[in-house]
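Got your viewer open and ready? Let's take a short walk through this chain, one selection at a time.

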Amino acid sequence: MPPSFFFFLAFLLNQSCSCAQCLNPFDGAKFFEKENRLYCESDYQALFGARCARCGETITTKSVTALDMKWHPEVRPSLKI
Ligand SMILES: [Zn+2]
Ligand SMILES: [Zn+2]
């Protein structure tokens, strides 16, 4: 089992955790884990979020990697650029 699982479990048991970046408590909001640190959604996207190579928007869902760039899954990058 990855260590992050235990960290996640510890978080569930201890609801006082807060964002590692802005230090705001999650308070039931969506959060993300990265390298054993927890971030609120906006900070996570700002720090680690992938941006679509086509439209430039942050990709909050699963991204597609092609040509060493990230894309929205609905974008089918053409290999002929
Ligand atoms: Zn934050
Ligand atoms: Zn896009």
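We'll start with the whole chain and then zoom in on one pair of strands.

First stop: show everything as a cartoon. You're looking at a predicted model, and its secondary structure adds up to two helices and six strands. Trace the chain along its sequence and you'll meet those elements in the order α-β-β-α-β-β-β-β.

Next, colour by confidence. Across the chain the mean pLDDT is 80, with 77% of the residues at 70 or more. Where is confidence lowest, and where is it highest? Select residues 3-13, helix α1, for the low end, with a mean of 67. Then hop over to strand β2, the high end, at 91.

Stay there and select residues 31-34 together with 37-40. These are β1 and β2, which run antiparallel to each other and pair over four bridges. The two make a hairpin, with two residues sitting between the strands. Click on E35 in that turn: its phi is positive, at about 50 degrees.

Now show the residues on either side of the turn. Which residue of β2 is the bridge partner of K34? Pick R37 and you've found it. Then move to E33, and you'll see L38 of β2 standing opposite.

Last stop: zoom back out to the full chain. How many of its 81 residues, as a percentage, count as buried? The figure is 9%. To finish, think about contacts in the chain with a separation of 6 or more: residues 24 or more positions apart account for 12% of them.

Key:
Residues numbered from 1 in each chain as written. Chains lettered and ligands numbered in written order. Predicted model: local features only at pLDDT ≥ 70, side-chain atom pairs only at ≥ 80, totals over all residues. Pairing = 2+ DSSP bridges. pLDDT = per-residue confidence, 0-100. Buried ≥ 20, exposed ≤ 12 C-beta atoms within 10 Å, placed from the backbone. Contact = placed C-beta atoms within 7 Å.
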